[in-house]
Amino acid sequence: MKHIVQTFISYYKPYKKVFFFDLFCATIISIIDLAFPQVLNYLNKTLYLSSSTYIMNHLLLLAIILLLAYIIRALCKYYVSAQGHIMGAQMERDMRKDLFDKYEALSFKYYDQNNTGEMMSKLISDLFDISEFAHHGPENIFISVIKIIGSFVLLFYVHVPLTLLLMIVTLGMVIFSFTQNKKMQESFMDNRRKIGGINASLQDTLAGIRGVKSFANEDIEREKFKVSNEKFMASKRRNYHAMGSFQSGNNFFQGLLYVTILIGGGYFIAQGTLEAVSLATYALYINIFVAPIEVLVEFTEMLQKGYSGFKRFMEVMDTPIDI
């Protein structure tokens with residue numbers, strides 16, 4: 001495990017400046033997103049309660065500040081989306097080169113014992129999953145943690161009891177999401193095995209197509225391919241059922257968060273401990289921290305894809321070369 005992690009991190013070294021600036025841009029995006037509800041809450045309690053003349057005199061300055069903030073956010077988003085993905089693709093390129101060089105150095109014995117379709121899968125689809133994880137993994141964790149923690153810290157300054165109620169519902173959402181996502185991971189791994197079976201069956205058939213046609217075995221090969229293809233379809237069906245449960249459950253908890261705000265907020269307004277304008281702030285923060293929760297949950301799937309792919313990559317790279 002330690003060897004796999006150290007080797008994976010080594011592929012970041014040529015691009016560490018890009019990586020850290022990517023995280024810096026992700027931080028700027030998160031800060032601007034977290035600031036907007038607070039700005040709205042502040043304006044509702046100050047500027048928007050002033051006279052019309054006073055409001056009109058300050059709207060231009062407010063527009064300039066907000067416009068600059070969102071221009072900066074757009075530039076940061078461009079860097080994260082473009083340069084971050086380029087970094088992932090460059091790492092994928094480096095890994096593919098190393099893997100191809102390793103294939104070139106391996107003996108005939110290795111090729112006799114391993115399926116060509118599986119080797120191609122390691123060279124193409126596995127490395128794509130690894131590159132997606134290499135870019136999105138650290139960035140998603142970083143942004144999600146900042147937004148979730150930042151949202152609740154700022155909401156505690158608005159109203160502690162209502163924020164605690166939201167935290168309880170959010171915790172239930174997190175537990176449900178991770179439990180359901182585990183089922184999705186299991187079905188995904190089954191999909192990976194089944195598609196590997198399809199690749200192997202297809203490679204065997206196409207590599208020996210002359211023999212198949214010579215002995216008129218097309219029907220036999222069709223039946224073999226049909227079996228592996230149907231197994232893959234059954235696995236995908238289980239995967240989509242799990243996905244449907246996951247998404248519907250998450251939508252229910254999101255609705256429950258809004259219900260908590262309306263009912264809990266109404267109660268605290270009646271008690272005189274919460275101002276009505278503050279409910280808008282809570283509604284905005286729900287949109288900010290619910291998305292990162294979903295990203296963190298989906299990250300476990302990305303981690304599973306990336307780790308399993310890199311593990312298969314390392315199995316080849318660690319194979320001894322016969323002299």
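Modeller: Angles over 145 degrees between axes count as roughly antiparallel, and angles under 35 degrees as roughly parallel. Keep those cut-offs at hand. The model we are looking at is predicted.

Biologist: How many helices does the chain have?

Modeller: Look for strands, and you will count 0. Read from the N terminus, the elements run α-α-α-α-α-α-α-α-α-α. The number of helices is 10.

Biologist: Are α2 and α3 roughly parallel or roughly antiparallel to each other?

Modeller: Helix α2 covers residues 16-45, and its axis comes within 9 Å of the axis of α3. The two axes cross at roughly 150 degrees. The cut-off is over 145, so α2 and α3 are roughly antiparallel.

Biologist: Is the crossing of α2 and α3 left-handed or right-handed, and how many nonpolar residues does the contact have?

Modeller: The crossing is left-handed. From α2, the residues making the contact include Phe19, Ile28, Ile29 and Phe36, and from α3 they include Leu62, Tyr70, Val80 and Met87. By class, 4 residues of the contact are charged and 2 are polar. The number of nonpolar residues is 18.

Biologist: Now α2 and α6. Are they roughly parallel or roughly antiparallel?

Modeller: Their axes come within 10 Å. The crossing angle is roughly 25 degrees. The cut-off is under 35, so α2 and α6 are roughly parallel.

Biologist: Which hand does the crossing of α2 and α6 have, and how many polar residues are in the contact?

Modeller: Helix α2 passes α6 in a right-handed crossing. Among the residues making the contact are Asp22, Thr27 and Asn41 of α2, with His135, Phe142 and Lys147 of α6. The contact also has 10 nonpolar and 4 charged residues. The polar residues number 7.

Biologist: What about α3 and α6: how do their axes lie to each other?

Modeller: The axes come within 8 Å. They cross at roughly 140 degrees. That angle is not over 145, nor does it lie in the range 65 to 115 for roughly perpendicular, so α3 and α6 are oblique.

Biologist: Which hand is that crossing, and how many charged residues join the contact?

Modeller: Helix α3 passes α6 in a right-handed crossing. The contact involves, among others, Met91, Glu92 and Arg96 of α3, and Phe128, Ser131 and Glu132 of α6. There are 9 nonpolar and 6 polar residues in it. The charged residues number 4.

Biologist: Let's pick out Glu92. Is Glu92 buried or exposed?

Modeller: Glu92 sits in helix α3, residues 52-105. Its relative accessible area is 12%. Buried means under 20%, so Glu92 is buried.

Biologist: Which side chain makes a polar contact of 3.3 Å with that of Glu92?

Modeller: Do not confuse the partner with Asp126, 34 residues along the chain from Glu92, whose C-alpha atom is 9.7 Å from that of Glu92. The polar contact joins side chains. The partner of Glu92 is Ser131.

Biologist: Which residues does Asn140 touch, beyond four places in sequence?

Modeller: Asn140 lies in helix α6, residues 125-158. With a relative accessible area of 14%, it is buried. Setting aside residues up to four places away, Asn140 touches Val295 and Met302.

Biologist: Asn250 next. What is its relative accessible area?

Modeller: Asn250 is part of helix α9, residues 218-271. Beyond four places in sequence, it contacts Met173, Phe176, Ser177 and Glu294. Asn250 is buried, and its relative accessible area is 2%.

Biologist: How far is the C-alpha of Gly306 from that of Gly137?

Modeller: Gly306 is in helix α10, residues 278-317, and counts as buried at 2% relative accessibility. Leaving out residues up to four places away, it touches Asp129, Ile130 and Phe133. In sequence, Gly306 and Gly137 are 169 residues apart. In space, C-alpha to C-alpha, the separation is 9.2 Å.

Biologist: Last one. Of contacts between residues at least 6 apart in sequence, what share joins residues at least 24 apart?

Modeller: The chain has 323 residues, and 41% of them are buried. Gly306 with Gly137 gave us one pair well separated in sequence, at 169 residues. For contacts across the chain, the share is 87%.

Technical notes:
Residues numbered from 1 in each chain as written. Predicted model: local features only at pLDDT ≥ 70, side-chain atom pairs only at ≥ 80, totals over all residues. Heavy atoms only, no water. Helix = DSSP H or I, 4+ residues; strand = E, 2+ residues; numbered from the N terminus. Buried < 20%, exposed > 50% of the residue type's maximum accessible area, 1.4 Å probe, protein only. Polar contact = N/O pair within 3.5 Å; in protein donor to acceptor, adjacent residues only side chain to side chain. Contact = heavy atoms within 4.5 Å. Axes fitted to C-alpha atoms, helices over the stretch in contact; angles between N-to-C directions. Left-handed = near helix turned anticlockwise from the far one by under 90°. Nonpolar A, V, L, I, M, F, W, Y, C, P; charged D, E, K, R; others polar.
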